[in-house]
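This note is addressed to a colleague who is meeting the structure for the first time. Please keep the sequence and the model open while reading the points below.

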Amino acid sequence: MLDDWPGSVVKRLTMTFSAFAPGRVELLGNHTDYNDGVVLSAALDLGISVEGGIRNDGKISVRSEGMQPVSASVGRLEPTGEWSDYPLGVTKILQSAGWDISGFEASYRSTLPLGAGLSSSAAMEVATAVLLTKMFPKPVTPLDLAKLCRRSENEFVGVNCGLLDQVSSIFGRAGHAIYLDCRSETVETVPFPNGAALVIVNSAVKHALTGGEYNERREMCFEAARAIGVPALRDATEHSLAAADMPPLVRRRAAHIIGENDRVTRALGFLRSGDAAGFGQLMTASHKSSMENFENSTPELDALVRIANSVKGIFGARLTGGGFGGAIVALAEESRAEEAASEIAGLYHVETGYDGKALVCHPGRGAWEANDMSSQTRSP
């Protein structure tokens with residue numbers, strides 16, 4: 001992959017390193033992560049690959065397909081609002097955590113559709129972190145690496161995200177969903193139903209969480225927790241919500257989070273018993289709450305969910321990720337997944353005029369497993 005770098009650059013690279021990090025799809029638990037809640041996700045068999053080498057001149061050079069190459073100095077890393085904030089932010093956070101990074105080149109390639117809510121940003125962060133820990137070895141646990149990547153997104157990029165995306169990209173396991181308890185910061189993998197697949201359809205409406213909608217929803221959730229008198233909405237119930245005094249809009253936001261935590265808990269039972277139909281019903285209920293309570297859906301996402309639920313072989317569907325555009329995820333019968341994906345995309349185009357690209361995916365390996373980081377410290 002580096003054979004097309006300028007010759008003067010290639011000579012500075014004494015060894016080539018590579019890494020891979022998958023994207024993730026949120027299955028249930030929408031916006032629960034920063035509310036100390038619980039969430040179910042899956043790593044995908046799609047993601048971001050990176051290849052590069054060490055430089056010893058204090059310089060960093062990164063590039064990605066379709067993006068403008070960016071160069072920076074190791075000692076002067078500041079956000080610019082460009083795509084390079086993700087790898088450069090990880091670099092700065094790793095430096096602050098004790099990594100001695102002398103400089104590097106990195107070239108990224110992605111099989112993830114941009115702006116679809118599949119966390120290409122976290123995949124790039126995790127891929128960068130894995131690459132740098134190979135280039136500049138220092139023991140680290142998978143969970144600590146996920147937290148460092150989250151710090152990069154919070155402190156450098158400026159998005160107040162929770163830990164879900166980075167954990168999903170690191171801890172994924174083929175054929176399994178990922179259960180994350182955001183309060184205890186414990187991770188469990190749960191078998192995915194046999195004979196089921198994931199259909200992901202991009203609405204073709206741009207997804208951008210650096211906008212104000214995400215942070216606004218986050219602050220309303222915190223306001224609701226204060227009104228109820230609990231540390232976080234994880235501790236709230238429908239009864240305590242009904243008894244508290246707060247603006248109607250804030251109440252609806254809180255109702256979504258409380259409902260999502262309950263749906264995740266119920267979904268664990270369906271996963272463990274292999275009940276794809278029961279799980280799918282919870283996915284559709286989740287989307288209804290996103291429409292009515294959290295208002296992080298769009299007309300296009302609503303149309304996709306409605307269309308998906310009308311197609312044979314679909315158990316349920318919902319928006320995935322932060323919302324405000326992006327993609328939906330549907331749980332499908334494996335034997336009909338490809339046909340259902342094509343049918344959903346076709347009906348969506350007829351109804352809206354948008355070319356929604358449909359993908360059939362399966363829960364895949366996380367970055368830790370994919371990169372065989374056996375020399376690093378592991379955590380449960």
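The numbered points below concern a predicted model, and they go from strands to cores, helices, ring pairs, cysteines and backbone angles.

1. Strands E1 and E2. Strand E1 covers residues 16-28 and strand E2 covers residues 38-54. The two run antiparallel and are joined by eleven bridges. Within this pairing, leucine 28 faces leucine 40, a residue of E2. Strand E1 is mostly covered, since ten of its 13 residues are buried. As background, side chains in a regular strand alternate between the two faces of the sheet.

2. The nonpolar cores. Which members of the largest nonpolar core touch the most other members? They are Val25, Leu27, Leu40, Leu233 and Phe279, in a core of 101 residues. A second core lies apart from this one and has 21 residues, including Ile307, Ile314, Leu319 and Ala330.

3. Leucine 233. When neighbours within four places in sequence are left aside, the contacts of leucine 233 include Asn35, Cys221, Ala224 and Ala225. Leucine 233 also touches Ile228, Ala254, Ile257, Ile258 and Asn261.

4. Helix H10. This helix spans residues 299-309, and its buried residues are Glu300, Leu301, Ala303, Leu304, Val305, Ile307 and Ala308. Against which elements do the buried residues of H10 pack? Three strands are among them, namely E8 (196-202), E9 (314-320) and E10 (327-333). The helices H9 (276-294) and H11 (337-352) also take part in this packing. One of the buried residues of H10, Ile307, is also named among the members of the core of 21 residues. In general, an α-helix has 3.6 residues a turn, so residues three or four places apart point the same way.

5. Alanine 129. This residue belongs to helix H3, which runs over residues 120-135. Alanine 129 counts as buried because its relative accessibility is 0%, and the limit for that class is under 20%. Beyond four places in sequence, alanine 129 touches Val90, Leu94, Leu145 and Cys149. The C-alpha atoms of alanine 129 and alanine 19 lie 9.0 Å apart, although 110 residues separate the two in sequence.

6. Tyrosine 34 and phenylalanine 222. Three aromatic pairs are found in a search of the whole structure. In one of them, the ring centres of tyrosine 34 and phenylalanine 222 are 6.4 Å apart and the planes stand at 90 degrees, so the pair is edge-to-face; the cut-off for that class is over 60 degrees. Tyrosine 34 is in the loop between E1 and E2, whereas phenylalanine 222 is in helix H6 (residues 212-228), so the pair ties together parts that are 188 residues apart in sequence. Tyrosine 34 is buried, at 8% relative accessible area, while phenylalanine 222 is partly exposed at 25%.

7. Tryptophan 83 and tyrosine 108. The ring centres of this pair are 6.1 Å apart and the planes are at 80 degrees, so the arrangement is edge-to-face. Tryptophan 83 sits in the loop between strand E4 (70-73) and helix H2 (85-96), and tyrosine 108 is in strand E5 (residues 104-110); the pair links distant parts of the chain, 25 residues apart. Both rings belong to buried residues, with a relative accessible area of 11% for tryptophan 83 and 1% for tyrosine 108.

8. A charge over a ring. Lysine 138 lies over the face of tryptophan 99, and the distance from the ring centre is 5.5 Å.

9. Cysteines. How many disulfides does the model contain? The count is zero. For cysteine 221, the closest cysteine sulfur is that of cysteine 182, which at 13 Å is too far for a bond, because a disulfide requires sulfur atoms within 2.5 Å. Cysteine 221 is buried, with a relative accessible area of 0%, and cysteine 182 is also buried, at 11%.

10. Positive phi angles. Aspartate 36 has a positive phi near 60 degrees, in a residue other than glycine. Aspartate 36 lies in the loop between E1 and E2 and is partly exposed, at 27% relative accessibility. Glutamate 295, likewise not a glycine, has a positive phi of about 50 degrees. Glutamate 295 is placed in the loop between H9 and H10, and its relative accessible area of 35% makes it partly exposed.

Technical notes:
Residues are numbered from 1 along each chain as its sequence is written. This is a predicted model: local features need pLDDT of at least 70, side-chain atom pairs count only at pLDDT 80 or more; totals for chains, interfaces and linings use all residues. Side-chain values use heavy atoms; hydrogens and water are left out. Rings of Phe, Tyr and Trp (its six-membered ring) pair if their centres lie within 6.5 Å; planes under 30 degrees apart count as stacked, over 60 as edge-to-face and the rest as tilted. Helices (H or I, at least four residues) and strands (E, at least two) are DSSP runs, numbered from the N terminus. Buried means under 20% relative accessible area, exposed over 50%, partly exposed in between (1.4 Å probe, protein chains only). A charge sits over a ring if NZ of Lys or CZ of Arg is within 6 Å of the ring centre and within 35 degrees of the ring normal. A nonpolar core is a set of buried Ala, Val, Leu, Ile, Met, Phe, Trp, Tyr and Cys residues joined through side-chain atoms within 4.5 Å. Contact means heavy atoms within 4.5 Å. Two strands pair if DSSP finds at least two bridges between them.
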